[in-house]
Amino acid sequence: MTDIQISHLYKDYPDKPVLTDFSARIPQGKTTCLMGPSGIGKTTLLRILMGLEAPDSGTITGLPAPFSARRSLRRRNTGQPHPHMSAVFQEDRLCGSLNPISNIRLANPTLSPEQVKAEMEAIGLTGCFHQPVRELSGGMRRRTAILRALLAEYDILFLDEPFRGLDAGTHLLTLNYTKERCKGRTVLLVTHDPREAEKMEAEQVLLLE
């Protein structure tokens, strides 16, 4: 594993540019928070780093090249093993007909149902072990999505406003759980709340303007 180095990244959409000559270093094994107003390109940057979208130009090292990368995106081979990535998106992206345990185990089938139940209980997600997630509240689905990402096998974790919609008590419980679970991993957290950056003990805060 190495640091992620982003150099001179550009991304334009037909209506406006969202990333203009963006450069940053994401330190390995640390938490970095990405902040800025809505529509400035935070989610776009995460999608580029995850290989879900291609920039117009720029250089990224420390990540595997996506299968669909454009020629303008140059990702140099560092000789290091490719890292595994996990993510929490703004949308929960759960399988509505499956219960929380089955959804979480999709990302890591080696986990037993008992292990998943114990982790669910750690963030107050109880009484719904065998209930289809489409019947759960928004906060319960959000915590299920967070657990699915945290319990997967990963080296790099992308979090796009993961705690949005959680009530105050559940928010703090889930944030602290997340912080402990991802210690020693590379984390890139998108948030509008500077208090989340502080509570997650972020190594750095990057501001998109």
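## Close-ups of a predicted model

**View 1. Glu161 and Arg164 join up in a salt bridge.** In this predicted model, the N-to-O gap between the side chains of Glu161 and Arg164 is 3.9 Å. That just fits, because a salt bridge calls for a side-chain nitrogen within 4 Å of a carboxyl oxygen. Buried or exposed: how does Glu161 count? Glu161 counts as buried, at 13% relative accessibility. Arg164 is partly exposed, with a value of 46%.

**View 2. Two more salt bridges involve Glu91 with Arg93, and Arg142 with Asp92.** Start with Glu91 and Arg93, whose closest N and O atoms are 3.2 Å apart. Glu91 is partly exposed at 45% relative accessibility, and Arg93 is partly exposed at 44%. Now look at Arg142 and Asp92, where the closest N and O atoms are 3.0 Å apart. This pair ties together distant parts of the chain: Arg142 belongs to helix H4, Asp92 lies in the loop between S6 and H2, and they are 50 residues apart. Arg142 is buried, with a relative accessible area of 4%. Asp92 counts as buried too, at 18% relative accessibility, because the cut-off for buried is under 20%.

**View 3. Lys11, Arg47 and Glu53 share a network of salt bridges.** Here three residues are linked, rather than just a pair. How many salt bridges turn up in a search of the whole structure? The search finds 11.

**View 4. Five parallel strands line up in an open sheet.** Reading across, the order is S6-S7-S8-S3-S9. At the edges you'll find S6 (85-88) and S9 (204-207), each with a single partner strand, so each has one side without a neighbour in the sheet. On average, neighbouring strands are turned by 15 degrees against each other, ignoring direction. What holds strands like these together? Strands of a sheet pair through backbone hydrogen bonds, in either a parallel or an antiparallel way.

**View 5. Strands S3 and S8 run side by side, in parallel.** S3 covers residues 31-35, S8 covers residues 186-190, and four bridges join them. Which residue of S8 is the bridge partner of Cys33? Look for Leu189.

**View 6. Helices H1 and H4 pack on the sheet.** H1 touches S3, S6, S7 (156-160) and S8, and its direction makes about 155 degrees with that of S7. H4 (residues 138-150) touches S6 and S7, and makes an angle of about 170 degrees with the direction of S6.

**View 7. Helix H1 is largely enclosed by the rest of the structure.** Why describe H1 as largely enclosed? Six of its eight residues (42-49) are buried, so there is the reason. The buried residues are Lys42, Thr44, Leu45, Leu46, Ile48 and Leu49. Just past the end of H1 sits Gly51, with a positive phi of about 80 degrees.

**View 8. The largest nonpolar core brings together 33 residues.** Met120, Leu125, Leu147 and Leu157 have the most contacts inside this core. H2 (100-107), H3 (113-122), H4, S7, H5 (168-181) and S8 each chip in at least two residues. Which element supplies the largest share? That's H4, with six residues. As a general pattern, nonpolar side chains in soluble globular proteins tend to be buried together.

**View 9. Leu147 has plenty to touch: Ile104, Glu119, Met120, Ile123, Leu125 and Tyr177.** This list leaves out residues up to four places away in sequence. Elsewhere there is a second, separate core of 25 residues, with Val18, Leu19, Ile48 and Met50 among them.

**View 10. Cys128 and Cys182, two cysteines without a bonded partner.** A disulfide is a covalent bond between the sulfur atoms of two cysteines. How many disulfides does the count give? It comes to zero. For Cys128, the nearest cysteine sulfur belongs to Cys95, 16 Å away. Cys128 is buried, with a relative accessible area of 1%. The sulfur of Cys182 has its closest cysteine sulfur in Cys33, and the 10 Å between them is too far for a bond. Cys182 is buried as well, at 2% relative accessibility.

Terms used
Residues numbered from 1 in each chain as written. Predicted model: local features only at pLDDT ≥ 70, side-chain atom pairs only at ≥ 80, totals over all residues. Heavy atoms only, no water. Buried < 20%, exposed > 50% of the residue type's maximum accessible area, 1.4 Å probe, protein only. Pairing = 2+ DSSP bridges. Axes fitted to C-alpha atoms, helices over the stretch in contact; angles between N-to-C directions. Contact = heavy atoms within 4.5 Å. Core = buried A, V, L, I, M, F, W, Y, C linked by side-chain atoms within 4.5 Å. Disulfide = S-S within 2.5 Å.
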